[in-house]
Structures are given as C-alpha cells and as structure tokens.
Amino acid sequence: MNQCRKRMSDLRQLRHFVALAEHGHFARAAEAVHLSQPALSRSIQALEAQLGCSLVDRHSRGISLTAHGQLVLEHARRLLAGSQALSNAVSQLDNLEAGELRLGAGPYPAARLVPQAVGRLLQRYPRVQVRLEIGNWLELRERLLEAGVELFVADVRELQDDPQLQIEALQAHAGVLFCRPGHPLLRRAALRLSDLLDFPLAGTQLPQAVERSLGAASGRPQPLSVQCDNFLVLKRLVADSEVLSMAPWDVIAEEVAAGQLSLLPLAPASLQQQSAYGLVSRAGHSLSPAAQALVEEIRRVDRQPLPPRR
C-alpha cells in the first residue's frame with residue numbers, strides 16, 4: 001500500500017513538473033493544476049530532491065529547463081501517457097462504458113475512413129471518449145512510441161521495416177488528380193501533362209517515392225505549391241480556386257459523385273500511385289478493448305464499396 005501511495009505521489013509530481021515546463025511560469029502552472037504557487041514550488045523541489053538534480057532555472061520572467069529537466073520532461077511525458085493507457089485499459093476491461101481512446105490519423109484516412117469508423121464505434125459505445133490527433137506518418141509514429149496515441153491509421157510506405165511497429169495493411173485506392181467543376185483544364189480536348197504546370201498543385205506531405213515520381217513528371221524540385229496536412233482545407237482550396245490537387249479516390253469519391261469536385265482526365269504512368277493505408281500499433285503491445293473495437297469498425301468501413309469512377 002505504501003508503495004502504491006508513493007507511486008501515485010511520484011506521478012502527481014511529474015504532472016506538476018510537466019505543467020511547469022509547458023507553461024514556463026509557476027503562477028500559470030499552479031493555476032493549471034489547481035494548486036497554490038507555494039504548493040507547486042514544494043512539489044517541484046521534492047521531485048528535484050528525489051532525483052538529486054536541478055530541473056529548472058528560476059528567473060524573473062519565469063523558468064527554463066536545465067539539461068536534466070529536458071531529459072526528465074521527455075520521460076515524464078511517456079510515464080504519464082503510459083499511466084493513462086493503463087487506467088483506460090483497466091476501466092474498459094469488463095465493458096466499454098467508460099475510458100478514453102487516443103487515436104491518430106493521417107490526412108487522407110482522417111477525411112473518410114477514420115471518422116466513419118469512429119462514428120460507428122460511438123454508436124455502439126456512446127460513453128467512450130475519443131481523442132483524435134491528425135498528422136503525417138512521421139509525427140504519428142513519434143506519438144505512438146511515446147504513448148501519446150495507442151493506434152493510428154496513415155500511409156505506411158516508409159514504416160514497413162520498423163521493428164517497433166505492428167502494421168496491418170488496408171485496401172489500396174488509386175490516386176487521382178482533381179479540380180473544381182468548371183476549371184479551364186476540363187475544357188481542353190486533349191489534356192497533356194505539361195498543361196498541369198500552368199496551375200498550382202496542392203497536397204499533403206508526400207512519401208518519398210511519390211515526391212520523386214511527381215517531381216520527375218513536373219520537372220520541379222518541389223512539385224507542391226501548397227503543402228497542408230489538413231485535407232479538408234485542401235478540398236476547400238481546390239473547390240474555390242484554380243488550384244489542382246491529388247488524393248486517393250476514396251476521399252473524394254462522394255464529392256465527385258455529387259458534382260462538387262471533378263476528376264482531371266489525365267493519368268500518366270509517372271503519376272499512377274495508390275494509397276498505402278495501414279493500421280499501426282506498437283509491436284508486442286496489446287490493444288485496449290476500445291482500440292480493438294475501433295479496429296473492427298475500421299475493417300468494416302474499409303470493405304465498403306465506393307462510387308465508381310467516371
């Protein structure tokens with residue numbers, strides 16, 4: 001029992017330290033963790049005494065982390081995330097009426113696959129709390145390994161040989177070029193690759209293979225005029241301007257079918273790419289019940305037919 005109390009006290013001190021590091025000021029950090037400033041100061045001093053080193057330098061503008069403080073911050077965040085993951089798994093063990101699921105998604109899966117799957121999950125288990133982070137595959141890998149997310153869905157082309165990851169491939173979708181209805185390129189009888197170079201191209205961060213292929217086809221070292229990892233923003237940009245974009249077919253199929261976006265009738269071999277979505281979790285780590293339930297929903301959504309391309 002004493003060890004349990006000490007463990008809980010240690011975690012509280014780590015939470016206090018992380019709050020101080022994030023706010024950079026004792027008064028603001030104390031307010032964030034609902035303590036008085038003297039109580040927060042005592043907590044930090046106790047942590048420093050326990051570790052035998054100074055974690056922060058105090059100055060008139062607030063605080064800055066020492067080298068030891070930077071190291072402790074990195075480990076503290078991992079320990080706190082792991083503690084939260086354990087608490088979630090235990091609370092979900094008997095049922096899914098409680099608990100939190102921390103999930104990541106790449107820009108394209110976040111535009112269709114993941115929200116549809118999360119909606120189905122919450123229809124079955126409305127009390128589960130979902131925390132969704134959207135980012136590229138590099139950011140999500142880092143968040144997974146530091147226990148910030150339990151699972152993510154993203155492009156896995158550059159993650160396949162990583163021994164720390166468990167990857168389940170999902171359905172591949174053909175890459176397409178798209179624009180707004182009424183775009184000048186749609187009026188050209190015979191569209192050529194060189195015609196595309198007259199207009200800006202927008203997209204998310206590209207896997208290296210796709211970037212090389214697109215760069216060779218366009219003759220541009222940086223083929224994208226606009227890079228943004230929020231695909232909803234990109235779709236709006238295309239719909240309201242002359243900007244072109246590209247995406248896997250599944251994320252624009254409904255908009256094309258509804259006449260909100262149009263496909264460009266050009267698919268040179270150099271631009272024929274497919275999506276490479278995958279479910280990614282940590283190798284050797286079991287998923288919580290909520291994450292397992294979400295994986296089932298993702299698989300169901302992934303198998304659903306899409307509108308045909310015309």
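Start by selecting helix α9, residues 231–239, and look at what its buried residues pack against: β7, β8, β9, β10 and α10. Here, buried means under 20% relative accessible area, exposed over 50%, and partly exposed in between, with a 1.4 Å probe and protein chains only. Helices (H or I, at least four residues) and strands (E, at least two) are DSSP runs numbered from the N terminus. Contact means heavy atoms within 4.5 Å.

You are looking at a predicted model, in which local features need pLDDT of at least 70 and side-chain atom pairs count only at pLDDT 80 or more, while totals for chains, interfaces and linings use all residues. Residues are numbered from 1 along each chain as its sequence is written, and side-chain values use heavy atoms, with hydrogens and water left out.

**Around α9**

Show the side chains of F231, L234, K235 and V238, the buried residues of α9. Which side of α9 do they take? They cover an arc of only 100 degrees around the axis, so they sit on the same side of α9; the arc is that of the directions from the helix axis to the C-beta atoms. Now turn to the other side of α9, where L232 and R236 are exposed.

Add the strands next. Helix α9 lies across β7 (175–179), β8, β9 and β10, and runs at about 140 degrees to β10. For such angles, axes are lines fitted to C-alpha atoms, for helices over the stretch in contact, and the values run from 0 to 180 degrees between N-to-C directions.

**The sheet with β10**

Select β9, β8, β10, β7 and β11: in that order, these five strands form an open sheet with mixed pairing. Two strands pair if DSSP finds at least two bridges between them. At the edges stand β9 (226–227) and β11 (262–263), each with a single partner strand, so one side of each has no neighbour in the sheet.

Zoom in on β8 (residues 201–203) and β10 (residues 244–248), which run parallel and are joined by two bridges. What stands opposite A202 in β10? It is S245.

**A salt bridge between loops**

Move on to D250 and R112, whose side chains meet in a salt bridge at 3.1 Å, N to O. The pair links distant parts of the chain, 138 residues apart: D250 is in the loop between β10 and α10 (253–257), and R112 is in the loop between β3 (100–105) and α5 (113–124). A salt bridge is a side-chain nitrogen of Lys or Arg within 4 Å of a carboxyl oxygen of Asp or Glu. Are the two partners buried or exposed? D250 is buried, with a relative accessible area of 2%, and R112 is buried too, at 7%. The structure holds 17 salt bridges.

**The sheet with β12**

Now select β4, β3, β5, β12 and β6, five strands that form an open sheet in that order, again with mixed pairing. The edge strands are β4 and β6 (165–169), and each pairs on one side only. Neighbouring strands of this sheet are turned by 25 degrees against each other on average, direction ignored.

Follow β6 to strand β12 (residues 277–282): the two run antiparallel and are joined by five bridges. Label E168, and you will find its bridge partner L279 in β12.

Then bring in α6, which lies across β3, β4, β5 (151–155), β6 and β12 and runs at about 160 degrees to β5.

**R143 and its partners**

Stay with α6 and pick R143, which forms a salt bridge with E133, the closest N and O atoms being 2.7 Å apart. R143 is in helix α6 (residues 137–145) and E133 is in strand β4 (residues 129–134), ten residues apart. R143 also meets E146 in a salt bridge, at 2.6 Å, N to O. R143 counts as partly exposed at 26% relative accessibility, as do E133 at 27% and E146 at 23%.

**Last stop: L14**

Finish at L14 in helix α1 (residues 2–23), where this residue is buried with a relative accessible area of 11%. Not counting residues up to four places away in sequence, L14 touches L47, A76, L79 and L80. Measure from L14 to I44 and the C-alpha atoms are separated by 8.5 Å, with their positions 30 residues apart along the chain.

Zoom out to the whole protein, with its eleven helices and twelve strands. Buried residues make up 47% of its 310 residues.
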